[in-house]
Amino acid sequence: MKTNTEHNFLRGALWAALPLSAATMLLFPLRQTQASAGAMPYFEGTSASCVTVIGETPVELKSARFTLSVPCYGACAYGENAPSVRADYALYNPTQEAQTVQLAFPYELVKYGQNAEGWNGQENCTLRAGEEDIDYTLHYSYRASGGFNASSCVEQYLKTDEFYTPDLTVTKYVYKITFAEDDGDAFVKVYLGGDARSKIVRGDDSISSFVENGYRCLGYRVSAAKNEIVYYAIGGENEAERMFYGKRERGLSAADELPFELVEQSQQTFSSFAEEYRDDGISSGDWYRAAVDFFNDNEHSGILPPLTLCRDCPFVRWYLYSIDLPAGGMAEHTVNAPLYPASSPEANCFTYQLSSLSGFGSCGRVEIVLNTPYVLAYSSVEFEKGEGVYAFARETLPYGDLAFVLTQMPKEQTFIPDKVRHDPLIVAIVILVVLVAGAVAVAIVLTVRGKRERKKSEEARRRAEMARPEEGRIDGGSGGVKK
């Protein structure tokens, strides 16, 4: 038979288990949704932006109106009915002299290649002043690993690098390794000496790079049949000083020193070196900039990855053009572009950068209209809801960029503005914390109550003991007589 203490412990355990059960029920649907999303198609979106000013200008942005249309959901959002944005800009020249403002419309690509071109083809964007097409030049820029930011892209585009120059010398090294016997693949570790200020570019066959004992080291997989290694040094000379090799069964440790021979050492300029790896779809000037940005973004202890990897990185497409404004005059123009979401079965997430408009002398009224049959589940700005349309207006540039999420929930559901909306996971965590706190409180109450009951039982037992007659004595009150 269980004691009161055991009963109290079991009740406390049951109470403590309730929050975990509740949390499981709250979080399980989320995990199930994520699992189902992994099995369903998912498309990575591209970030678009407003126009961006190149350099400094006194030209003011009197007004900007953005009309976003999202008629299609999910995979079809990348077809003919892809979401789109129309941006109408009204520019004003407050000076007494004619002004020419140079503008850029940057558009992020998931990566440069056939698939990206199919989504972001040149014919998908139009730039017009009234009914006339605006002449522009098309450019590409490497997108840094930190993500797409239109203003940063402009700054990087105009920046002159302090280390890389077109005439900088690049030295190519080719070494032949001699094996005692042909015993299969081996891991070779190369120790490089020479100019510490130079940059080392790994060859395409290199599998690792690291710093050890003050040396920059490269790792290669070689064999007797494929016994040559290649690397490049930019801005200095860096010959190999020592080479070691190890076998797979040794855990790729390089323990045995190898004899090696320098079979080729040649030099070229950095611009010609970059040109050897250029993608045909990108101009020489744009690829040169991309190579510099790629190296700066991926340098580790003076060691750089192969430039061939740059071709598979995300790029930004640039439409560069100019607008002429007379003294004290106005000019209007329009940019039309697709707006591809990050799409899953649960939601479509859009990103549209507004902050790039800060490059104008000043910014006036900003209007955003979202036309869609779907439900706005989240937005970084507070839209007014209408029939199939969401609207926003402000007399100046809003703080931050526009991000919003659409879902296919029934339209009868109430639209919740961003300022009062809560993330489901956060709600679940808050509920879990409340339940755990409740369980702890209940456990404390039960523990205190148990202590009190035990104290009362002990007190009752003690009193019973005191009331029990002592051996050889009869309690007869004050007039009691000893036996």
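This passage walks through two sets of paired strands, a helix, a pocket and a serine contact in a predicted model.

Let's start with the open sheet, which has 5 strands in the order E17-E9-E14-E11-E18 and mixed pairing. Strand E17 (260-269) and strand E18 (303-304) sit at its edges with a single partner strand each, so one side of each has no neighbour in the sheet. Further in, strand E9 (residues 169-177) and strand E14 (residues 228-234) run antiparallel and are joined by 7 bridges. Along this pairing, Tyr173 faces a second tyrosine, Tyr231 in E14.

Strand E5 (residues 99-108) is another one to look at. Most of E5 is covered, with 8 of its 10 residues buried. E5 pairs with strand E19 (residues 315-325) in the antiparallel sense, and 10 bridges hold up that description. Within this pairing, Glu108 has Val316 in E19 as its bridge partner. E5 also pairs with strand E2 (residues 52-53), again antiparallel, this time through 2 bridges. Here Val53 is the residue opposite Leu103 in E5.

As for the helices, H3 (residues 150-158) has a clear buried set: Ala150, Cys153, Val154 and Tyr157. These residues span an arc of only 100° around the axis, which means that they lie on the same side of H3.

H3 turns up again at the second largest pocket. This pocket holds about 270 Å³ of space. Its lining is made up of 17 residues, and those nearest the centre are Tyr142, Ala144, Ser152, Gln156 and Asp293. Strand E8 (137-142), H3 and helix H5 (284-297) are the elements that give two or more residues each to this lining. In terms of chemistry, the lining of the second largest pocket splits into 4 nonpolar, 7 polar and 6 charged residues.

Finally, there is a small detail at Ser379, which belongs to strand E24 (residues 375-379). What is the relative accessible area of Ser379? The value is 3%, and Ser379 counts as buried because the cut-off for that is under 20%. A polar atom of the Ser379 side chain lies 2.7 Å from the backbone oxygen of Val381. Taken together, then, Ser379 is a buried residue whose side chain has a polar atom 2.7 Å from the backbone oxygen of Val381.

How values were computed:
Residues are numbered from 1 along each chain as its sequence is written. This is a predicted model: local features need pLDDT of at least 70, side-chain atom pairs count only at pLDDT 80 or more; totals for chains, interfaces and linings use all residues. Side-chain values use heavy atoms; hydrogens and water are left out. Two strands pair if DSSP finds at least two bridges between them. Helices (H or I, at least four residues) and strands (E, at least two) are DSSP runs, numbered from the N terminus. Buried means under 20% relative accessible area, exposed over 50%, partly exposed in between (1.4 Å probe, protein chains only). The arc is that of the directions from the helix axis to the C-beta atoms. On a 1 Å grid over the protein atoms alone, a cavity is a set of points where a 1.4 Å probe fits but cannot get out, and a pocket is an open set with protein on both sides within 12 Å along at least five of seven lines; lining residues have an atom within 4 Å of a point. Grid points are joined across faces, edges and corners, and a volume is the space filled by probe spheres set on the points. Ala, Val, Leu, Ile, Met, Phe, Trp, Tyr, Cys and Pro count as nonpolar, Asp, Glu, Lys and Arg as charged, and the others, Gly among them, as polar. A polar contact is a pair of N or O atoms within 3.5 Å; within protein, one must be able to donate a hydrogen and the other to accept it, and residues adjacent in sequence count only if both atoms are side-chain atoms.
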